[in-house]
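Student: I've got a model open and want to talk through how its helices are labelled. Can we go over the terms one by one?

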Amino acid sequence: MRKTIIAGNWKMYKTIVEAIELSNGLKREFYKLDNQGIEVVLCPPFTALSEVNEVITESEIKLGAQDCYWKDEGAFTGEVSCKMIKDAGCQFVIIGHSERRQFFAETNDTVNKKVKAALASGLTPIMCVGEMLAEREAGKTFQVLEGHVRGGLRDVSAEDAAKIVIAYEPVWAIGTGKTATPDQAQEAHKYIRDLLVKMYNKDVAGSIRIQYGGSVKPENTIDLMKQPDVDGALVGGASLQVESFSVIVKKASEVVK
Ligand code: PGA
């Protein structure tokens, strides 16, 4: 059984005061989350991690960062290590988001280094994969997914791979309001899971949670979460308000598979 995991990627939004307000509101909504059999992770910007951590300490809500660097420390101006992220209270870290691939020169190789560093430090990577619109239209979706998954998990042992979360985020659906249909999501998720069977084995592939991301909203949550290989969501825009994010979590928790 894979526990549904809903993560909020706040991207470059929320000052510290705003982040405290949002996390306080969410904490009030989900006081006893564990009873709902669902895992909820908030991924604020680095500047607000410690404050959000303080707000959520006595709740079941977990904390994640949006990126990391693969060295523990050193002369790497502007970077933040996994050790520092853990120190701020995180259990998760998003790696290889398409915005980092598009705008900040993230490659499968840097994703792989970050995934290994996160695992070595005891953080759970949420490794993002997904095709651009032109790649989908050219019939290259599976080829791109294979490159992202194999490249990101190169030299990652079966034991470590079993711990990660993968987020399938078709780039054309991110922030566009255009969600993949439940069938499109299921097709991509099944492809990824079958690939994981080939790379590792059935047990490992069966334990890795695969989230869908890209314009997840309260209205489309149930149909997406009903898909057999969709194990949660990575939510951007709709995670920035208490109301929309808490409705997404509640709806996801109602889906029994
Ligand atoms: P969106 O973003 O929900 O705003 O489309 C998802 C993401 O980029 O993780």
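**Two helices and a histidine**

Tutor: Sure: α7 and α9 are oblique to each other. This is a predicted model, where local features need pLDDT of at least 70, side-chain atom pairs count only at pLDDT 80 or more, and totals for chains, interfaces and linings use all residues. Residues are numbered from 1 along each chain as its sequence is written, and side-chain values use heavy atoms, leaving out hydrogens and water.

Student: Why are α7 and α9 called oblique?

Tutor: Helix α7 (residues 141-152) and helix α9 (residues 182-199) pack at about 45°, with axes 10 Å apart. Under 35 degrees is roughly parallel, over 145 roughly antiparallel, 65 to 115 roughly perpendicular, and the rest oblique, so this pair is oblique.

Student: What makes the contact between α7 and α9?

Tutor: Contact means heavy atoms within 4.5 Å. On α7 the residues are Phe-142, Leu-145, Glu-146, Val-149 and Arg-150; α9 brings Glu-187, Ala-188, Tyr-191, Ile-192, Leu-195, Leu-196 and Met-199.

Student: Why does His-148 count as buried?

Tutor: Buried means under 20% relative accessible area (exposed is over 50%, partly exposed in between; 1.4 Å probe, protein chains only). His-148 has 12% relative accessibility, so His-148 counts as buried. His-148 lies in α7, and touches Arg-101, Asn-108, Met-127, Val-129 and Gly-130, not counting residues up to four places away in sequence.

Student: Which residues of α9 are buried?

Tutor: Among them are Ala-185, Gln-186, His-189 and Arg-193. The buried residues of α9 pack against elements including β5 (124-129), α7 and β6 (165-168).

Methods:
Axes are lines fitted to C-alpha atoms, for helices over the stretch in contact, and angles run from 0 to 180 degrees between N-to-C directions. Helices (H or I, at least four residues) and strands (E, at least two) are DSSP runs, numbered from the N terminus.
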